[in-house]
Amino acid sequence: MAMIEVQSLRKIFRGGRGLDAFSLRLESNELVGLVGPNGAGKTTLIKILSTLLPPGSGVARVAGRDVRSDPRRVRAAVGYLPDVAGVYQDMRIREFLEFFADAFRLKEPNRSAAIGRALIRSGLADRPEDFVEHLSLGWKQRLLLAKTLLHDPKLLLLDEPATGLDPLARITLREQLKQLHNEGVAILISSHILSDLEDICTRIVFIADGKNIAEAPSGAAEGSTAPTIRCEMEFDGPAGVLDQFLKGAPGVRILERRERLLIIELSGGSREASTFLQKLLAAGIVITHFDARGLNLEDRYRRAFGGQPR
Amino acid sequence: MMRLVTNPMILKELRQRLREGRAWLLPTLYLLVLAGTVLFAYYAAMDPEMGGGQREVQGADIGEVIFLTVVITQLVVLLLMAPVFSAGSLTIEKEQRTFAGLLTSLLTAPQIWWGKFVAALMYLLLLLFSALPLLTLAIAFGGVDPMQLFKAVGSTILVLASICTLGLWSSSTFRRSVHSTAACYGFVLVLSIVTAVVFGIMVSHWESHNAMARAEGPPAYVQAPLFLNPFYPLLSMLGGGSFGQFSYPVSSWLLFTAIGCLAAAFAMRSIQRSGEQI
């Protein structure tokens, strides 16, 4: 089932930025990363899907419900965490969760159970009477995520959820999101931290100027449609032998060379990379490290938005 | 109907307000001001020279002076406080970035509005009712009957409720508390002072053309600007004495009710559309 169906969505602000015929489909088993430069329209899209903003034109459905005509059912299905989410500093943790449980109309015994789950999920089960203001930013973010999940949403909309978090808190957040995805919650997450997205997302969607950005086919070299794979290797022994070998190898492009490190682009995919490695070894070159994982998200981002891959 | 009472916003708002440092400070200051006013009114009433004659001072005279002085003073003080409690209540959610959480919950715009309104008004009512013992002092002196007290409290509540709705409207419109509160004070100033000035101009014009009719007081069309004055419902209901000429309390109630309803409707619409502000 499609949790998000967005077709030709437009939203124009007075300043001009917004969405311009953006389309997206997100299935219930997906964890999709939304990536793009500042002002690309990521927050606008998430705000529309969470019913905070009305769409200009086009279709925007969440869990089969139109965000414009059925916002209450959409809200019941969605958990939304904005980029800079505030908390009520002068409330106790338990009171904070109770308030949002009531705001989502949870009735007993579901209400108490949901609050208990949220306390456990946030790791704050042993301090429910503490004031929210005494929590660090990382703990607040965990509390906010737990609050967002109180009503068991089918879809999570997360707008830059890792902003301002320290590395440990980011790791915890990543683990929580992976777990939620495994539990069947569909997630759309916008972030500039590409390594985090690369780690957890099942798919990446690029957006710029409010439009879908078609990514060059994975592994395709710039200006070419033929697939390529990027290989990073370290070797021992005289460099001359390797140079000689590379001169005679077809479809090889040297991207970077530093002492014993070599980064090349090879025509083909992983099978060709494997054959290439076998030939290297057969030629008597000692390879101490060989990594042929293709383009990482940072490279794909550079390709999508005009920068050069490393 | 039950949801009006069980609205989670009300509990949250009251809890937060009563945890603020000013929760006990304001009532204390408020009661000190009113106690000072009572003392002043008492000694003023006891001073025969201030009454303009040498007649013996009656208990009823003291009671009447204390009552009028306190009800007017408390309305002045509460009019100054109402914008503080109402005009910042939605903007603070925007400033603290908590508004998105409310708007994406299952709370409706009317529920959010109602929670904020009740919380703002309840705090003002707490102040109002805490001063009741001072007002009943006037009844003990005589000259004031309990019905007058009831009318004074009722009209004060009506005016405060209207000002709170104006405060919430400006709070729903602006992004920052300072702008919203300034706008609400602007409304209070316009209603309190501009209407009085317009009335003053109209009445002097009317008096210059109707010298014979002065004793009956100005007609409704001359008083009309005052119907919007926050003091008019109070003074017109108390009637008698120098306020006897203000004889259209119902018109004033209706206008204040209409202002409140309009401001509430605009505020709810503004809350529904405030996604762009957060």
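Two strands pair if DSSP finds at least two bridges between them. The exercises below apply this to a predicted model.

**Exercise 1.** Determine which residue of β13(A) stands opposite V252(A), and in which sense β12(A) and β13(A) pair.

*Solution.*
Step 1. Strand β12 of chain A covers residues 252-258, and V252(A) stands opposite L266(A) in β13(A).
Step 2. Between β12(A) and β13(A) there are 6 bridges, and the sense is antiparallel. The cut-off is at least two bridges, so the two strands pair.
Step 3. The connection of β12(A) and β13(A) is a hairpin with 2 residues between the strands. In this turn, E259(A) has a positive phi of about 45 degrees.

**Exercise 2.** Establish how many bridges join β11(A) to β13(A), and name the partner of M233(A).

*Solution.*
Step 1. Strand β11 (residues 228-236) and strand β13 (residues 261-267) of chain A run antiparallel and are joined by 7 bridges.
Step 2. M233(A) has L262(A) in β13(A) as its bridge partner.

**Exercise 3.** Locate A21(A) and T51(A), and decide whether each is buried, partly exposed or exposed.

*Solution.*
Step 1. Most residues other than glycine have a negative phi. A21(A) has a positive phi, near 55 degrees, and T51(A) also has a positive value, near 70 degrees.
Step 2. A21(A) lies in strand β2 (residues 18-27) of chain A, whereas T51(A) lies in the loop between α1 (42-49) and β4 (57-62) of chain A.
Step 3. A residue is buried if 20 or more other C-beta atoms lie within 10 Å of its own, and exposed if 12 or fewer do.
Step 4. A21(A) counts as partly exposed because it has 13 C-beta neighbours inside 10 Å. T51(A) has 24 such neighbours and therefore counts as buried.

**Exercise 4.** Find the cis peptide bond that joins E108(A) to its partner, and place that partner in the chain.

*Solution.*
Step 1. Most peptide bonds are trans. The bond between E108(A) and P109(A) is cis, with omega about 5 degrees.
Step 2. P109(A) is situated in the loop between α3 and α4 (110-122) of chain A.

**Exercise 5.** Describe the side of chain A that touches chain B.

*Solution.*
Step 1. Chain A contributes 24 residues to the contact, and chain B contributes 18 residues.
Step 2. Helices α2 (71-77) and α3 (93-103) of chain A each supply at least two residues of this side. The largest share, 5 residues, comes from α3(A).
Step 3. By kind, the residues of this side of chain A comprise 14 nonpolar, 3 polar and 7 charged.

How values were computed:
Residues are numbered from 1 along each chain as its sequence is written. Chains are lettered from A and ligands numbered from 1 in the order in which they are written. This is a predicted model: local features need pLDDT of at least 70, side-chain atom pairs count only at pLDDT 80 or more; totals for chains, interfaces and linings use all residues. Two residues are in contact if their C-beta atoms, placed from the backbone, lie within 7 Å. Helices (H or I, at least four residues) and strands (E, at least two) are DSSP runs, numbered from the N terminus. Ala, Val, Leu, Ile, Met, Phe, Trp, Tyr, Cys and Pro count as nonpolar, Asp, Glu, Lys and Arg as charged, and the others, Gly among them, as polar.
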